[in-house]
Amino acid sequence: MLKGKKIVLGVTGSIAAYKAAFLVRLLVKEGAEVKVVMTAAAKEFITPLTLSVLSKNPVLNEFADGETGWWNNHVELGLWADLFLIAPASANTIAKMANGICDNLLLAVYLSARCPVYIAPAMDLDMLKHGATADNLKRVVSFGNKIIAPTEGELASGLVGEGRMEEPEKIVVLLNETFGGDAVLRKKKVLVTAGPTYEKIDAVRFIANRSSGKMGFAIAEAFAEGGAEVTLITGPTSLSTHNNAIKKIEIESADEMYAACMKHFDDADITVMSAAVGDYKPEHIANGKMKKNAEDINLKLIRTKDIVAELGARKKKKQVLVGFALETDNEKENAKEKLGKKNLDFIVLNSLNDEGAGFGYDTNKITIIDKQNIIKEFTLKTKREVAKDIVNAVIEMINKNK
Ligand code: C5P
C-alpha cells in the first residue's frame, strides 16, 4: 500500500511524459501524496497544469517563482519525500545524475534526497544502447538508485526495440511490492490498544498505572509500515504517531476503551491489546473535588470489564487476537492461563523481573506463547524491534493458517 507515502515525481523531456499523468492519477488513487517536479523540456510535452490538477499540488520547475518571489526549497522537498521517482527519465537527465550536474530544480532535489530514488528511463533504442548511456546508468545504480527497466516495443521514432518507459500500472505494482510492506498486511485492518487508563475518583483525582504507551505505539507504527490500516485506541500518553495510516482514538477510562474497542473490533482483521487497562475503578465518582474533612476515607473499587476476554468471546475464526501479560511470578503459567481464558491466538509475556523490560523503558524483553503452546523467547531489544517481532509472529500465524 502506498497510502500516506510522500512521493516526488520528477518528469523530464521525453515523449513518454504523457504517461506521467496516468502515473500521478494512479499514485493519488493509492493514497500517496504526490508532488511533481518538471524540467523545462518536460513542459514542452505535458503542461504543468495537467499534473498540478491530478496531483492536487502545485507543480515545481523553477528554483524561484518569478511572480510570487517564492523560493522552491529543493532540500526541503528532498527531505519531505519517502520516495523520488523520475519517470520518464531522459538520457540527458540520467547523464547529469551520473555526474552530479545540478542545473535545474529536479536535479537539485535528486542531490538533496535522502529517500530511495527510482528511475524509469525512456528514450530511443540507439540512445539507450549507446555506451555513454549504458555507463551513466551503471553509475547511477552504483550510487544506490534503482532502475525501472525500459520495455521493448514500438517507439515514437517509428523504430521498434528497447526504450519504452515501463507502463504506469506496472510501476505502481512494483512500488507497492517494494514499499507497500508485507503482502499479508496490505489492506488489512489492525486494531491496537495502548497506554494506561485513568479511572476518576473525583473532578481532579484518578487511579492510573505507569504504562507509557511506547510498546503499543511501536506496534501500531510497525503494522502501518507493513502496509496495514491501523486504528490505535490509546489512553493518556505524551506520544504522537508519524504514519498517516494510523488513526488515533484517544480515550481516558477503561469504560471508554471498552466502548471504542467494541465499536472497532468487528472490522479488524488483527487486534493487539497492549494497553494496561485498569482492572478496578471507583464505584462512585464524587461530584467536584472531594473535601479534606475526615481522617480516612473509604474508596470502594469495582472491577472494570475485561475487554480482551469479551473480544475473545466474540472473535470470528478469521480474526487474529493478541493479548499481553505483564507478570511478576509464575509468569509462563499465568500467561498460558490467560491465553486460554481470553481465547487469544497468542500472548506476549513481559516480566517485571527482567531488567529493562516493562513500563516506561525504551526496551522490552518478551516471550510469545501461542495456542499450540509453542514458546518463543526473545532477547532484550528496543520496543521498535520488539514491535517488528510481534508483527512478524502475526504474519507467520496467518501464513500457517492459510
Ligand atoms: O488479565 P490481565 O489484565 O493481566 O490481561 C492482560 C491483557 O488483557 C492485556 O492484553 C490487556 O490489554 C487486556 N485487558 C483488557 N481489559 C482489562 C484488563 C486487561 O483488555 N480490563
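**Sheets and helix packing in a predicted model**

Colleague: Which residue in β2 is the bridge partner of Val-11?
Modeller: The model is predicted, so local features need pLDDT of at least 70, side-chain atom pairs count only at pLDDT 80 or more, and totals for chains, interfaces and linings use all residues. Residues are numbered from 1 along each chain as its sequence is written, and side-chain values use heavy atoms, with hydrogens and water left out. Strand β1 (residues 6-11) is joined by six bridges to strand β2 (residues 33-38), and the two run parallel. In β2, Leu-9 has Val-36 as its bridge partner, and the partner of Val-11 is Met-38.

Colleague: Which strands stand at the edges of the five-stranded sheet?
Modeller: Strands are DSSP runs of E, at least two residues long, and helices are runs of H or I with at least four, numbered from the N terminus; two strands pair if DSSP finds at least two bridges between them. The open sheet has the order β2-β1-β5-β6-β7, with parallel pairing. Two of its strands have a single partner each, so one side of each is left without a neighbour in the sheet; these are β2 and β7 (146-147).

Colleague: Is β1 largely enclosed or exposed, and how many of its six residues are buried?
Modeller: Buried means under 20% relative accessible area, exposed over 50% and partly exposed in between, with a 1.4 Å probe and protein chains only. β1 is largely enclosed by the rest of the structure, because its buried residues number five.

Colleague: What angle does α2 make with β2?
Modeller: Angles run from 0 to 180 degrees between N-to-C directions, and axes are lines fitted to C-alpha atoms, for helices over the stretch in contact (heavy atoms within 4.5 Å). α1 lies across β1, β2 and β5, running at about 175° to β1. Helix α2 (residues 48-55) also packs on this sheet, where it touches β1 and β2, and its direction relative to β2 is about 170°.

Colleague: Why do α1 and α8 count as oblique, and which residues of α8 make the contact?
Modeller: Helix α1 (residues 19-29) packs on helix α8 (residues 168-179) with axes 9 Å apart and an angle of about 40°. Angles under 35 degrees count as roughly parallel, over 145 as roughly antiparallel, 65 to 115 as roughly perpendicular and the rest as oblique, and α1 and α8 are therefore oblique to each other. From α1 the contact takes Lys-19, Phe-22, Leu-23, Leu-26 and Leu-27; from α8 it takes Pro-168, Glu-169, Ile-171, Val-172 and Leu-175.

Colleague: How many residues of α5 are buried?
Modeller: Helix α4 (residues 91-99) packs against helix α5 (residues 105-112) at about 40°, with axes 11 Å apart. Thr-93, Lys-96 and Met-97 of α4 meet Leu-106, Leu-107 and Tyr-110 of α5. Among what covers the buried residues of α5 are β1, β2, α3 (74-80), β5 (83-89), α4 and β6 (117-121). α5 is mostly covered, and of its eight residues the buried ones number seven.

Colleague: What is the average twist from one strand to the next in the eight-stranded sheet?
Modeller: This open sheet has mixed pairing and the order β14-β13-β10-β15-β18-β19-β21-β22. At its edges are β14 (246-250) and β22 (375-377), each with a single partner strand, so each has one side without a neighbour in the sheet. From one strand to the next, the twist averages 15°.

Colleague: Which residue in β18 does Val-272 stand opposite?
Modeller: Strand β15 (residues 270-273) and strand β18 (residues 320-327) run parallel, joined by four bridges. Helix α9 (residues 214-225) lies across both, as well as β10 (189-194), β13 (229-234) and β14. Opposite Val-272 stands Val-322.
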